[in-house]
Amino acid sequence: MSVTVLVGSQWGDEGKGKIVDILSEKYRIVTRYQGGANAGHTVEIGDKQYILHLIPSGILREGVVCVIGNGVVVDPAALLEEIRILKENGISVDGRLFISHNAHLIMPYHKLLDSISESGNKKIGTTGRGIGPCYIDKFARKGIRIVDLLNKDVLERKIRENLEEKNALLEKVYGQEKLDVDEIINEYLQFDKEIDPYITDVPLYLNNAIAEGKSILLEGAQGAMLDVDYGTYPYVTSSNPTAGGASTGTGIPPTKITSVFGIVKAYTTRVGNGPFPTELTDEEGEKLRKEGAEFGATTGRPRRCGWFDAFLVRYSVMINGVESVAITKLDVLSKFDKIKVCVGYELNGKKVKSFPSDVERLNKVKPIYETLDGWNVDITGCKTYDELPHKTKEYLDFISKEANFKIEIISVGPKRRQTILMNG
Ligand code: GDP
Ligand code: IMO
Ligand code: MG
């Protein structure tokens, strides 16, 4: 029986969706624990591509039960749309999808406030899905939760109370039009009818499942460097994608978590603003974006690209307690004659001892690079580690030593079959 947390170890988009899909063959339950529809997890099966935003990627494996934990912020419109798309593709969520009473609801004013705060001159580059404003209300103890959908009077009262404050803010501070309270109440009463069947006591469900010996995979969204506590604050998301979030976001106690698995992209990408020491703004960065098809799965924005940052991943491995990892998108590096790896940072001529916690310093650091030979061979058809070119193995060996992880899975393409399992 295993309870495994799967975390993105960089700035998101490491290929979590693909690896959750691969691993979920061996798990009975897959649970999301934080974030919301800001996530875009891609799974390719045959000629079909699915992009999941809220529903765990395990939904594509028959028999796997999917759970949305209390740490997630749920946009009911996005959720229902995702359920509809899955149904259209012959995938039913009935009896296989459970949502926590305690998860918070994204409201129309959250999305509006997200876009207003992004229109100023201090842009984070958010996905515009209302994530930050929803978590603000959660921590200000004003949020509306899934459980509130079950009581019409409570739901109506809470929407009215919130709207009073939000409308004053919209009108007086931002000079916007007021939102229609009755329209929102009616919209959410309608959602209630559709979402009710999925609402479950998630901590009880998951803890019972563990007691029965069922294996659970906890699917992180975003990545450790977007964590509100450990990431490149303030250029982060508003939740805890790091492994600790898996416990608070589901009701599974830390003592029941058996391992932490990292997803590591063979190079680095970032969407949105914020420091990125190994970013390449030249034609090599362009080549990485083209070869890796690096465009956001949620917003379609081009992703910023750069060399692998072993110093950053080493920090990520430490704060998450990552034991082993899946290296993804290794095939993307196949067309580079020389590949650089950042092994540390220099600031004002001195080597930096630990990962800087403030963006002011992080914006000024200079990466210290080691240059490795590329392999210049198409590896997308390799089925075993032995089939990989010698230079590819050298690259893997180098980054695993520098960032301090053990490699369990190597991904050489987006498809299920383009996956090398180190233990057979
Ligand atoms: P996630 O948010 O971590 O699930 O990652 P995304 O789905 O946003 O982005 C990863 C992208 O890379 C998706 O388009 C995947 O289909 C694709 N992908 C995943 N693994 C590989 C791989 O090993 N090689 C290549 N070329 N593409 C991959
Ligand atoms: P997955 O799960 C990459 C980034 C946004 C922005 C910052 C804050 O697919 O890896 P938010 O909308 O969360 O308030 O935006 O975080 N971001 C992501 N970047 N992958 C994601 O998810 C992301 N989710 C949010 O671009 O910089
Ligand atoms: Mg993504």
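Colleague: I'm new here, so where does Thr237 lie?
Modeller: This is a predicted model, by the way. Look past strand S10 (216–219) and stop ahead of helix H8 (244–248). Thr237 lies in the loop between S10 and H8.

Colleague: And is Thr237 buried or exposed?
Modeller: The cut-off for buried is under 20% relative accessible area. Thr237 has 11% relative accessibility, so it counts as buried.

Colleague: Which residues is Thr237 in contact with, leaving aside its neighbours within four places in sequence?
Modeller: Contact here takes heavy atoms within 4.5 Å. With the sequence neighbours set aside, Thr237 touches Asn38, Ile131, Gln222, Leu226 and Val228.

Colleague: What separates the C-alpha atoms of Thr237 and Val5?
Modeller: Along the chain these two are 232 residues apart. In space, their C-alpha atoms are separated by 19 Å.

Colleague: Let's switch to Thr278: buried or exposed?
Modeller: You'll find Thr278 in the loop between strand S12 (268–270) and helix H9 (283–291). Its relative accessible area is 0%, so Thr278 is buried.

Colleague: Which backbone oxygen does the side chain of Thr278 reach?
Modeller: Beyond its neighbours within four places in sequence, Thr278 is in contact with several residues, including Thr268, Gly306, Trp307 and Asp309. One of these contacts has a distance of 2.8 Å, running from the side chain of Thr278 to a backbone oxygen. That oxygen belongs to Trp307.

Colleague: Now the ligand. Which domains give residues to the shell around ligand 1?
Modeller: Helix H1 (16–23) and strand S3 (41–45) each supply at least two residues of that shell. Two domains both contribute, so ligand 1 lies between them. They are domain 1 (3–101 + 198–261) and domain 3 (264–421).

Colleague: How many charged residues does the shell around ligand 1 have?
Modeller: There are 19 residues around ligand 1, and Lys16, Gly17, Thr42, Asp331 and Ser411 come nearest. By class, four are nonpolar and seven are polar. The charged ones number eight.

Colleague: How much of the area that ligand 1 exposes when taken alone does the protein bury?
Modeller: Start with the backbone: a polar backbone atom of Gly15 is 2.8 Å from an oxygen atom of ligand 1. For Lys16, a backbone N or O atom lies 2.7 Å from a ligand 1 oxygen, and for Gly413 the distance is 3.1 Å. Taken alone, ligand 1 exposes 590 Å², and the share the protein buries is 92%.

Terms used
Residues numbered from 1 in each chain as written. Chains lettered and ligands numbered in written order. Predicted model: local features only at pLDDT ≥ 70, side-chain atom pairs only at ≥ 80, totals over all residues. Heavy atoms only, no water. Helix = DSSP H or I, 4+ residues; strand = E, 2+ residues; numbered from the N terminus. Buried < 20%, exposed > 50% of the residue type's maximum accessible area, 1.4 Å probe, protein only. Polar contact = N/O pair within 3.5 Å; in protein donor to acceptor, adjacent residues only side chain to side chain. Near = heavy atom within 4 Å. Areas by Shrake-Rupley, 256 points an atom, 1.4 Å probe, with all protein chains shown as cover. Nonpolar A, V, L, I, M, F, W, Y, C, P; charged D, E, K, R; others polar. Domains from an automatic or database assignment.
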